[in-house]
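Please open the model in your viewer and keep a selection panel at hand. The stops below are meant to be followed in order.

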Amino acid sequence: MSQNHFTLGFPLKSPADAKALAEQLLPLMPGLFQAEDAIGTIHYSRFTLLSEKTLLFLGDFDGEFGPLMGDLARQAGPVFNAIFRHVDQAPPTPVAADADAFVEWTAAHLIHPVNLYTAYPDVTAKRIKALASAADVSGAGELNPFLVILPIKSRLAFLEVQLLLRARGHGTTKDLDSVGTPHFAQFVPLEDNQIGFFTVYDGSFDKYIADFTKNIGQVFDLIFKFTKNPPPSPCRKHLQEFIDFAAGANRAPIGFYQAYPGLSVQDIHALIADSKSN
């Protein structure tokens, strides 16, 4: 089983629909989380409004995209039925009655990441939950989503940033491993020449950014050469400015699903190591 990430873009009919969804989605999250628990292959998920014209749905999961979308159509149909009332050229609803159409629609609206990072690439969500249960370990940590949107200066610069990030893929993985607190991370190209950097991480925001700046700041120093109104570089010498910039560029999540709540990266690594030694 391979781990994957999805970013889905829902094109909204109007700014009024974006405002309505911001209010209507949160009460639907318990139903979505229950469905995701039942499906069992999603590690984390969250929604966020990218703009008045686009809602994003992000998830880190095991296996293949199509079967997961089919499961979501059948088990979380009411959530997507509510969303599609506000979406331009939506698929037929109720989605549970035509899961194939939902799968086809989501495949057409899937935004492919430039690169992917996972802190524990060889274990499924079900395996982590089973290891934690067998060891009688319950998560006591704080996990947060980080949804940073970077506006790039031009279309040409936008393409150059993607090439840079692809070329530096392995180095970025090593840098994120050095940080030690990100679970999953992706750079994702978005509308209007924007780059999204999406992570799930352990601990407080300020500490994460401080550790992040020390270990992967050089990647952002490169990106900031192409970014509108960037903070001063290098990041490591201007930590507070980078914290302020990141906080301002961070989008609020709508719902945050965790398959194994509170388990840190280090908790999960310890569970995996213990299982191999027994």
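## Starting at an exposed loop

Select Asp136, which counts as exposed because its relative accessibility is 72%, over the 50% cut-off. Bear in mind from here on that the model is a predicted one. Asp136 sits in the loop that runs between helix 6 (125–134) and strand 5 (143–151), and although Asp136 is not a glycine, its phi is positive, at about 55°.

Now move to Gln89, which lies in the loop between helix 4 and helix 5. Gln89 is a residue other than glycine with a positive phi, near 55°, and Gln89 is exposed, with a relative accessible area of 68%.

## Two cis peptide bonds

Stay in the loop between helix 4 (77–84) and helix 5 (99–108), where Pro94 is also placed, and display the backbone from Thr93 to Pro94: the peptide bond there is cis, with omega near 0°. Then go to the loop between helix 9 (205–224) and helix 10 (239–249), which holds Pro234; the peptide bond that leads from Ser233 to Pro234 is cis, with omega near 0°.

## Strand 3 and its partners

Select residues 54–62, which make up strand 3, and colour them by accessibility: nine of the nine residues are buried. In a regular strand, side chains alternate between the two faces of the sheet. Here Thr54, Leu56, Leu58, Asp60 and Asp62 point one way, while Leu55, Phe57, Gly59 and Phe61 point the other way, and all of these are buried.

Which strands should be added to the selection to see the pairing of strand 3? Add strand 1 (residues 3–11), which pairs with strand 3 in the antiparallel sense over nine bridges, and find His5, whose bridge partner in strand 3 is Asp60. Then add strand 2 (residues 42–51), which is also antiparallel to strand 3, with eight bridges between them; Arg46 has Leu58 as its bridge partner in strand 3. Between strand 2 and strand 3, two residues complete a hairpin.

## Into the nonpolar cores

Show side chains for Phe10, Phe47, Leu72, Phe80, Ile83, Tyr120 and Tyr260, which touch the most other members of the largest nonpolar core, a set of 86 residues. Helix 9 gives the largest share of this core, with nine residues. Apart from this core lies another, of eight residues, including Leu50, Leu58, Leu147 and Ile149.

Return to Phe47 and display its surroundings: leaving aside neighbours within four places in sequence, Phe47 is in contact with Leu25, Met29, Leu32, Leu55, Leu56, Phe57, Phe80, Ile83, Ala252, Pro253, Ile254 and Gly255.

## The four-stranded sheet

For the last stop, select strands 4, 6, 7 and 5, which form an open sheet in the order 4-6-7-5 with antiparallel pairing. Strand 4 (115–118) and strand 5 are the edge strands, each pairing on one side only. From one strand to the next, the twist averages 10°. To follow one of these pairings in detail, isolate strand 4 and strand 6 (residues 182–190), which are antiparallel over four bridges, and locate Leu116, whose bridge partner in strand 6 is Gln186.

Methods: Residues are numbered from 1 along each chain as its sequence is written. This is a predicted model: local features need pLDDT of at least 70, side-chain atom pairs count only at pLDDT 80 or more; totals for chains, interfaces and linings use all residues. Side-chain values use heavy atoms; hydrogens and water are left out. Buried means under 20% relative accessible area, exposed over 50%, partly exposed in between (1.4 Å probe, protein chains only). Two strands pair if DSSP finds at least two bridges between them. A nonpolar core is a set of buried Ala, Val, Leu, Ile, Met, Phe, Trp, Tyr and Cys residues joined through side-chain atoms within 4.5 Å. Contact means heavy atoms within 4.5 Å. Axes are lines fitted to C-alpha atoms, for helices over the stretch in contact, and angles run from 0 to 180 degrees between N-to-C directions.
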